[in-house]
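Hi,

Here's the structure I said I'd pass on. Have a look at it first, and my notes on what turned up are underneath.

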Amino acid sequence: MSTLLRILLAAALAGLPASWAQAETSATVHAAGEKVYKSACFVCHASGVANAPRLGDKQAWSPLIAQGADALVATVMKGKGAMPPRGGSSADEAALRAAVEFMMAAAQ
């Protein structure tokens with residue numbers, strides 16, 4: 001089930017406007033993504049080690065964002081260049097997706 005469909009379903013069941021449920025879900029994903037970023041990703045993405053795109057660098061992230069979150073998550077899962085699989089963390093795929101979305105949002 002897609003994220004949007006889950007949000008809309010949760011909102012309908014809760015009797016809340018979908019925008020409220022989406023905002024709450026976005027905040028939860030943002031917080032989870034920030035936590036993973038601060039525990040693993042920041043090591044390279046804060047300083048740009050090994051050409052890692054720096055958090056918030058719109059120019060560096062623009063071509064990556066154009067690929068979409070699914071492609072970026074797949075890259076994180078496998079690793080790329082100096083980045084080890086899962087970014088060197090033990091986080092599961094959902095947590096890594098949240099981190100990718102957090103970093104993408106920081107560059108938009």
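Arg97 is partly exposed, because its relative accessible area of 26% falls between the 20% and 50% cut-offs. Bear in mind that this is a predicted model. The side chain of Arg97 joins that of Asp70 in a salt bridge, with N and O 2.9 Å apart. That pair ties together distant parts of the chain: Arg97 belongs to helix α5 (residues 93-106) and Asp70 to helix α4 (residues 69-78), with their positions 27 residues apart in the numbering. Asp70 itself counts as exposed, at 55% relative accessibility.

While you're looking at α5, a few other things there. Just at its start, a side-chain oxygen of Asp92 comes to within 3.3 Å of the backbone nitrogen of Ala94. The helix also has a set of buried residues: Leu96, Ala98, Ala99, Val100, Phe102, Met103 and Met104. And its length checks out: 14 residues at 1.5 Å each should span 20 Å, which agrees with the 20 Å separating its end C-alpha atoms.

How many salt bridges does the structure hold? Two. Besides the Arg97 and Asp70 pair, there's one between Glu34 and Lys38, where the closest N and O atoms are 3.1 Å apart. Both of these residues sit in helix α2 (residues 18-45), four residues apart, or about one turn of the helix. Glu34 is partly exposed, with a relative accessible area of 26%, while Lys38 is exposed at 54%.

Shout if you'd like to go through any of it together.

Cheers

Key: Residues numbered from 1 in each chain as written. Predicted model: local features only at pLDDT ≥ 70, side-chain atom pairs only at ≥ 80, totals over all residues. Heavy atoms only, no water. Salt bridge = Lys/Arg side-chain N within 4 Å of Asp/Glu carboxyl O. Helix = DSSP H or I, 4+ residues; strand = E, 2+ residues; numbered from the N terminus. Buried < 20%, exposed > 50% of the residue type's maximum accessible area, 1.4 Å probe, protein only. Expected span 1.5 Å × (residues − 1). Polar contact = N/O pair within 3.5 Å; in protein donor to acceptor, adjacent residues only side chain to side chain.
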